[in-house]
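Here are some exercises to work through with the structure open beside you. Try each task on your own before you read the solution.

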Amino acid sequence: MDEAGRVKTVGELAALVGGRVSGDAHISIEYVASVGSAGVRAIAFVENRKALEDTQECSASALIVPDGAGERAREVAQKVPAIIEASKPKLAFALIGKILHLQKRREPLIHPTAVIAPSANIALTVYIGPHVSIGENSTIGTGTRIEASVVVGDDVTIGLNCVLQPSVTLYDGVTIGDNVVLHAGVCVGADGFGYVRDDVGYHKFPQIGTAVIEDDVELGAYTCVDRAALGQTRIGRGTKIDNLVHVGHNCDIGERVVIAAQTGISGSVIIEDDAVVGGQVGFGDHVRVQSGAVIGSKAGVLPGKIVRPGVWWGIPIQPLDEYKRLNAHIGRLPQMRAELKELRERIKELEEKLSSS
Amino acid sequence: MDEAGRVKTVGELAALVGGRVSGDAHISIEYVASVGSAGVRAIAFVENRKALEDTQECSASALIVPDGAGERAREVAQKVPAIIEASKPKLAFALIGKILHLQKRREPLIHPTAVIAPSANIALTVYIGPHVSIGENSTIGTGTRIEASVVVGDDVTIGLNCVLQPSVTLYDGVTIGDNVVLHAGVCVGADGFGYVRDDVGYHKFPQIGTAVIEDDVELGAYTCVDRAALGQTRIGRGTKIDNLVHVGHNCDIGERVVIAAQTGISGSVIIEDDAVVGGQVGFGDHVRVQSGAVIGSKAGVLPGKIVRPGVWWGIPIQPLDEYKRLNAHIGRLPQMRAELKELRERIKELEEKLSSS
Amino acid sequence: MDEAGRVKTVGELAALVGGRVSGDAHISIEYVASVGSAGVRAIAFVENRKALEDTQECSASALIVPDGAGERAREVAQKVPAIIEASKPKLAFALIGKILHLQKRREPLIHPTAVIAPSANIALTVYIGPHVSIGENSTIGTGTRIEASVVVGDDVTIGLNCVLQPSVTLYDGVTIGDNVVLHAGVCVGADGFGYVRDDVGYHKFPQIGTAVIEDDVELGAYTCVDRAALGQTRIGRGTKIDNLVHVGHNCDIGERVVIAAQTGISGSVIIEDDAVVGGQVGFGDHVRVQSGAVIGSKAGVLPGKIVRPGVWWGIPIQPLDEYKRLNAHIGRLPQMRAELKELRERIKELEEKLSSS
């Protein structure tokens, strides 16, 4: 998805990430790669000293290692002509990846097959691909790229430098911030799931609120963020959500939250800033997850629960320590049962002795 | 997704939902809102007397309260000039929402970019949006609205007044009733997941049945209803299904069933009328859920299980009471273990005393 | 999705599947059906002798039964004029289904609304439906059928005789083998979910690898296979995956693996050939599932786990036998508690007796 971007020297790259070079700082680097697959003009990284010991065969032109590990790196990775020491090698590698592998660029274009309402407000430098539809009064900001078959409803606002991958659907009235990436098929603003029952069946509760995706958010393929019944559903700035996640109506997801694939979030859940949520987690409605909470994969959170800072696990969730302790107890059940049987026999013996004495 | 519709007086609205007005029945109401956000020309509701006590600051023009709570409402919600008493306030609010916020309407249109097979049979008052494809011999009923990039296969029947949101896929031969709402990306009629293994690999079991969605059904975004292997998969009248749900081949889902997000239903499962199923539930194949059963979120139902009326929970499912009881027992395991240790010591003492005596 | 294909005689069909006919081998058969719904010109099957006893009312023109059950079939299924004995009746039925119900065929066509990059390389006998987009330098092999609104990126390779159902998305650079079936909305090659945190938020880890789908794979609707960070994500030959499955970056799924709906696989998981995975299973990252392993639905596999051959169950997974044993122990907890109480009382009595004696 990226195209090879620029070429940089090891020295330039080190400067950009605040690293320190030993070896040849003038070597040109073209791409990032893993230690095992990197070749000439590639840069690789090791996260720690332990991983460094497996770099004897590494053929990269440069290797990023932790601060202080440069000398050892020169000894082990003898095929690598340049070493960069950095305080956070993985972070440095990610930043260098961003520099070397530019995001795909499209020349500004409105493809002739795109159908754009006359009242839509499209910035000049936008790319709009084939078979896109954009509704009335919608706004697309500068530098935004909208790939094929995306459908944007009426009264939608999309900010600057966003990427909408193919077949994204934005329902009427939703708002997308700047630098947002929506992967294939993301759906923002579908009706929340709310009904009121009477004698004959279900009546839809009004689903007339909206949904807001703030700046720097990335949503994975087919992730759904429902509109609010009344009010708004919000995904906060810098939050990253994986594929096939469901975010129900009126949820308020804070900033820099991370949510892994296939997690489901019922209506009116609040997840505060910087929380981390694993995959396939389920939230009942009106849960509040506090900042600093980490919820393990496949956990289940009962409706109304307040999840305090710390690591949580299980169905329903418990602090990880408690979960482990109880799990250990469960694992010892056969032994407990055997002990119980033994005690019963010893008691019986005692009873017999006592009655015979 | 809705556009503000009509304006009604409080009196008219009360009459439409069988409510009783106190205060000014002539005030005009334009929209529904929550107690906290409602302003002039808005109507809000409280579901019970407890919630009524938090309406001091409510600035709605009208408030729906439970029968008999009108007097108290006048005392508490002093800023609200009109009160409607109704036997079911939430239901009244939902019905009023439907009146005030008309569903989006589209003028009849077949967009010039739509590709419609010559043999398709399209009613006169249909809306067909940009980039839609409709196959041979398919029928679209009066008043139906088909949004952008929907793909309808051959020999598909769609009834009256349906809404197909963007990028819905209907495979060949499926049937959609009247007043059906299919949210973005709903997929009806993909092949069921059935293979027969031989020495070299898997052969597909025939997936040549069909799928039928009955009247008044609503399916959430990216929900998949597979076609039957032989025979039909059915979603019964008035059933409501949330986002990202999987319904396998040959399932028979009854009427007025509710299924929350991300639930997965294996092949040949029967869910009888009026059952309620939470989110992320998993069903093995050939399960039968009887009418009156309620299955909690994240539950797992083993293949072939018959789920009787009542509330069920857990993996595998148990009656909720049993589940809670066992969970409490598990929670007491550390204590049981301590007791066991204590008894062991007391027995040892007894044994020593007895042997020494 | 299939259209009735050819007509064959019972004798021809039996010969094609290595079966033995008793009764009239000249009867024409047009379609496959279940025992209950089959009529004239239909062929049905029973998998075993037990099911054979329910065929009294079967009105099929032919019935496939297990080897050696032909005589009994003539006695029970008296309305059926022809019986085929086969060693694996269900397999024979599947193969006959493939013969009688040809896959949908499309005449070669590039629909005029399709947008195809000039540098794309499209074989002569390809079908490309309405509103399809195909990017630069992509290759589509002979006999492949691409349904409406599919989006193929740049530098994609698609092999021979594939079927891409509507709204499939293939990101840049992915490779699809021969005879691959991708159901509606399948997404191959979206960015993996990997970020590196610093003080201000998350930076994307490079997602510049690719994804490869080998020959004879079938992927269900909205299943997502992410591209690798570095290197490749692979789905091996003959593997079958159900709807709404998530396959994370750098996974290596072997050949003839079966994965049921809504399962989620984190990054860098290896599933070896012929493994079987149920629905809604969750895998932590860096798991290795060995050939011969069967993982039950809703199981959870902890990161880094090696899953050996055998049947596994539970969260976290255990061998099925252990799982059942522990579950039985948990079920006996109330009884254990009662026993503990009883023993406590008996000890108390003993203590009293002893102290009074």
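## Exercise 1: A serine in a loop

Ser167(B) sits in the loop between strand 19 (163–164) and strand 20 (169–170) of chain B. Keep in mind that this is a predicted model.

Task: find out what is notable about phi of Ser167(B).

Solution. Start by locating Ser167(B) in its loop, between strand 19 and strand 20 of chain B. Next, read off its phi, which is near 65 degrees. That is a positive value, and Ser167(B) is a residue other than glycine.

## Exercise 2: A peptide bond in two chains

Task: work out where Pro316(B) lies, and whether the peptide bond from Ile315(B) to Pro316(B) is cis or trans.

Solution. Begin with the place: Pro316(B) belongs to the loop between strand 42 (310–313) and strand 43 (318–319) of chain B. Now look at the bond: going from Ile315(B) to Pro316(B), omega is near -10 degrees, and the peptide bond is cis. Then turn to chain C, where the bond from Ile315(C) to Pro316(C) is cis, with omega near -10 degrees. Pro316(C) is found in the loop between strand 42 (310–313) and strand 43 (318–319) of chain C.

## Exercise 3: A sheet in chain B

Task: trace the order of the 10 strands in the open sheet of chain B, and say which strands stand at its edges.

Solution. Follow the order first: it goes 12-15-18-21-26-29-32-35-38-41, with parallel pairing. Now check the two ends, where you meet strand 12 (121–122) and strand 41 (306–307) of chain B. Each of these has a single partner strand, so one side of each has no neighbour in the sheet.

Zoom in on one pair as a last step. Strand 21 (residues 175–176) and strand 26 (residues 210–213) of chain B run parallel and are joined by 2 bridges. Pick Ile176(B), and you'll find that its bridge partner in strand 26 of chain B is Ile213(B).

## Exercise 4: Laying one chain on another

Task: find what turn lays chain B on chain C.

Solution. Take chain B and turn it by 120 degrees, with a shift of 0.0 Å along the axis; it then lies on chain C with an RMSD of 0.1 Å. The two copies are therefore related as by a three-fold rotation axis. Now try chain A: a rotation of 120 degrees, with 0.0 Å of shift along its axis, superposes chain B on chain A at an RMSD of 0.1 Å.

## Exercise 5: Two sides of chain B

Task: for the side of chain B that touches chain A, find which element gives the largest share. Then do the same for the side that touches chain C.

Solution. Begin with chain A: 50 residues of chain B are in contact with 52 residues of chain A. Helix 4 (89–100) and helix 6 (333–356) of chain B are the elements that give two or more residues to this side. Helix 6 of chain B has the largest share, 10 residues. By class, this side holds 23 nonpolar, 18 polar and 9 charged residues.

Move on to chain C, where 51 residues of chain B are in contact with 51 residues of chain C. Strand 24 (195–197), strand 25 (202–204), helix 5 (320–331) and helix 6 of chain B each supply at least two residues here. The largest share, 9 residues, comes from helix 6 of chain B. The classes are 25 nonpolar, 18 polar and 8 charged.

## Exercise 6: Helices that meet across chains

Task: describe how helix 6 of chain B and helix 6 of chain C cross, then how helix 6 of chain A packs with helix 5 of chain C.

Solution. For the first pair, the axes come within 10 Å and cross at roughly 30 degrees. Angles under 35 degrees count as roughly parallel, so helix 6 of chain B and helix 6 of chain C are roughly parallel to each other. The crossing is left-handed. Among the residues that meet are Leu343(B) and Ile347(B) on one helix and Leu343(C) and Ile347(C) on the other. The contact has 11 nonpolar, no polar and 6 charged residues.

For the second pair, the axes are 9 Å apart, at an angle of about 50 degrees. That makes helix 6 of chain A oblique to helix 5 of chain C. Leu333(A), Pro334(A) and Arg337(A) make the contact with Arg325(C), Leu326(C), His329(C) and Ile330(C).

Technical notes
Residues are numbered from 1 along each chain as its sequence is written. Chains are lettered from A and ligands numbered from 1 in the order in which they are written. This is a predicted model: local features need pLDDT of at least 70, side-chain atom pairs count only at pLDDT 80 or more; totals for chains, interfaces and linings use all residues. Two residues are in contact if their C-beta atoms, placed from the backbone, lie within 7 Å. Helices (H or I, at least four residues) and strands (E, at least two) are DSSP runs, numbered from the N terminus. Ala, Val, Leu, Ile, Met, Phe, Trp, Tyr, Cys and Pro count as nonpolar, Asp, Glu, Lys and Arg as charged, and the others, Gly among them, as polar. Axes are lines fitted to C-alpha atoms, for helices over the stretch in contact, and angles run from 0 to 180 degrees between N-to-C directions. Angles under 35 degrees count as roughly parallel, over 145 as roughly antiparallel, 65 to 115 as roughly perpendicular and the rest as oblique. A crossing is left-handed if the near helix is turned anticlockwise from the far one by less than a right angle, and right-handed if clockwise. Two strands pair if DSSP finds at least two bridges between them. Copies are superposed by least squares on the C-alpha atoms of residues with pLDDT of at least 70 in both.
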